[in-house]
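User: Please take a close look at one part of this model, one helix and what surrounds it. Then relate that part to the rest of the chain.

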Amino acid sequence: MNKENFHNDDAILDVYEKPNLSQGVLLSLQHLFAMFGSTVLVPILVGLDPSIALLASGVGTLVHMILTHFKIPAYLGSSFAFIATMQALMKADGYPAIAQGAIAAGLVYLVVAYVVSKIGSAWVDKVLPPIVVGPVIIVIGLSLATTAANDAMLHNQKYNLIYFLVAIFTLVVTLCFQMFFKGFTSLVSILLGIICGYILSCCLGIVNFSGVAKAAWFTFPALDVPIISYKLKLYPAAILTMAPISFVTMSEHMGHIMVLNSLTKRDFFKNPGLHRTLLGDGLSTITAGFIGGPPTTSYGENIGVLAMTKVHSVWVLAGAAVFAIIFSFIGKIAALIESIPMPVIGGISFLLFGTIASNGLKILVDDKVDFSEKRNLLIASVIMVVGIGGAYLQLGNFQLTSVALSTILGMILNGILPKHAAIEQQQLAEKEGTKII
């Protein structure tokens with residue numbers, strides 16, 4: 001692993017620090033549990049084999065780490081941005097069309113990464129100052145708040161009190177492990193909270209073990225490889241609908257990098273470089289397309305785990321990727337994790353997504369952003385209401401998500417709004433004893 005002079009003293013395990021084997025296993029499993037539900041949900045909604053999505057996420061994460069020189073503690077899972085398009089393509093032409101669209105989306109990443117490598121990333125600091133970055137990070141966390149609440153409360157789209165009690169129990173237990181225990185117990189508080197929530201769910205009879213009973217101990221993921229599994233054929237509609245979505249996931253990717261910059265006190269846009277992070281994301285998605293999985297992207301759930309535990313070690317994230325690959329071949333274990341009830345995930349998500357949002361507030365506080373200035377107030381207001389409110393831009397089959405839209409609007413406002421409003425300029429001039437004509 002890489003060495004560097006800088007050390008983040010706020011981290012319990014910094015980016016390049018390695019835990020011992022027993023601790024590393026539990027910390028990696030904690031990350032696997034945090035992302036598992038979302039990663040397998042995407043293939044279930046599309047009609048793909050969940051085990052192949054698990055395999056694609058593990059392989060994709062390792063690909064990303066290799067290309068970024070193991071400098072970024074990020075986990076890549078199944079992307080939700082492509083779901084609607086993938087569902088339509090699955091009905092019309094099957095997985096070969098999805099694969100071609102995924103590969104095309106990954107190639108767009110590669111083209112953008114090449115352009116960034118030529119022009120550099122100095123522009124990032126100019127278009128993404130703290131007044132934009134802080135609110136965007138708040139949006140990334142709070143835009144997921146509804147998902148967390150629905151997971152915690154709803155069963156078959158109806159309010160369920162037992163579900164909500166399980167979610168609150170999971171949340172409270174996790175908070176207790178965080179606040180009242182020391183050492184390693186505190187570090188694996190999320191894992192312990194999930195286990196306690198799962199045990200309560202079993203006692204209340206809301207865990208479905210049928211999938212575990214049916215699953216085989218050893219399963220080989222249902223690979224869909226071009227030429228081997230199906231004949232090559234051009235799907236122009238798949239390319240034209242999925243490739244543009246990559247620009248949406250790119251903006252989300254940059255948002256996640258901003259959060260990681262804040263957590264680790266580093267600038268990953270400069271080292272290893274934005275071009276490498278984009279290259280890693282793109283090749284991960286291309287790899288998924290070649291083996292039968294959905295496109296991949298960095299995961300907010302795992303960033304939330306990093307923020308809560310202050311364990312930023314890439315060794316831990318790499319371990320989670322290895323476990324994902326192993327579990328994709330062990331049906332019983334994958335099915336057991338998949339049986340974790342949604343209220344347990346919802347209870348944990350209250351904490352994970354809220355922690356991400358709180359880091360956005362921390363950026364605004366640390367950089368002493370002055371909200372008495374109209375410019376700052378207006379930029380932050382627009383970003384947060386558009387992003388958290390769920391506003392999106394729909395152009396045919398192309399959809400700009402609320403996170404992407406709010407980020408773009410923030411960058412535009414930051415670029416066009418003057419430093420001071422006209423009335424503020426007048427007040428400043430009057431203080432200096434001059435008169436504005």
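Analyst: Helices and strands are named here from DSSP runs, a helix being H or I over at least four residues and a strand being E over at least two, with numbering from the N terminus. The model is predicted. The part chosen is helix α14, residues 269–291, in which T277 has its place.

T277 has a relative accessible area of 1%, and because buried means under 20%, T277 is buried. Leaving out residues up to four places away in sequence, T277 touches H64, T68, I72, H253, I257 and F268. At the other end of the scale of distances, N160 is 117 residues from T277 in sequence, and the two C-alpha atoms are 41 Å apart in space.

Helix α14 also contains P272. The peptide bond from N271 to P272 is cis, with omega near 15 degrees. Most peptide bonds are trans, and most residues other than glycine have a negative phi.

Two residues depart from the second of those rules. F70 is not a glycine, yet has a positive phi of about 55 degrees. F70 sits in the loop between α2 (50–67) and β1 (76–78), and because its relative accessibility is 24%, F70 counts as partly exposed. K310, also not a glycine, has a positive phi of about 60 degrees. K310 belongs to the loop between α15 (300–309) and α16 (314–327), and a relative accessibility of 40% makes K310 partly exposed.

Next comes the approach to α14 in sequence. R266 is in the loop between α13 and α14. Its relative accessibility is 12%, so R266 counts as buried. The R266 side chain makes a polar contact of 2.8 Å with the side chain of D14.

A further pairing brings in helix α4 (residues 95–119), where S117 is found. S117 and R276 are 159 residues apart in sequence, but their C-alpha atoms are 8.3 Å apart in space. S117 is partly exposed, because its relative accessibility is 35%.

The helix α13 (245–264) leads on to a pocket. Together with α5 (123–127), α6 (130–142) and α18 (342–366), α13 is one of the helices that each supply at least two residues to the lining of the second largest pocket. This pocket has a volume of about 320 Å³. Its lining holds 17 residues, of which V133, M258, N261, S262 and I363 lie nearest the centre. By type, the lining divides into eight nonpolar, two polar and seven charged residues.

Finally, the nonpolar cores. The largest nonpolar core has 85 residues, and L32, L260, I340 and L352 have the most contacts inside it. Helix α18 gives the largest share of this core, ten residues. L32, its neighbours within four places in sequence left aside, is in contact with A320, F323, A324, F327 and I337. A second core, separate from the largest, has 18 residues, including I83, A99, A105 and A238.

In short, α14 holds the buried T277 and the P272 that follows a cis peptide bond, and the loop before α14 holds R266, whose side chain has D14 as a polar partner.

How values were computed:
Residues are numbered from 1 along each chain as its sequence is written. This is a predicted model: local features need pLDDT of at least 70, side-chain atom pairs count only at pLDDT 80 or more; totals for chains, interfaces and linings use all residues. Side-chain values use heavy atoms; hydrogens and water are left out. Buried means under 20% relative accessible area, exposed over 50%, partly exposed in between (1.4 Å probe, protein chains only). Contact means heavy atoms within 4.5 Å. On a 1 Å grid over the protein atoms alone, a cavity is a set of points where a 1.4 Å probe fits but cannot get out, and a pocket is an open set with protein on both sides within 12 Å along at least five of seven lines; lining residues have an atom within 4 Å of a point. Grid points are joined across faces, edges and corners, and a volume is the space filled by probe spheres set on the points. Ala, Val, Leu, Ile, Met, Phe, Trp, Tyr, Cys and Pro count as nonpolar, Asp, Glu, Lys and Arg as charged, and the others, Gly among them, as polar. A nonpolar core is a set of buried Ala, Val, Leu, Ile, Met, Phe, Trp, Tyr and Cys residues joined through side-chain atoms within 4.5 Å. A polar contact is a pair of N or O atoms within 3.5 Å; within protein, one must be able to donate a hydrogen and the other to accept it, and residues adjacent in sequence count only if both atoms are side-chain atoms.
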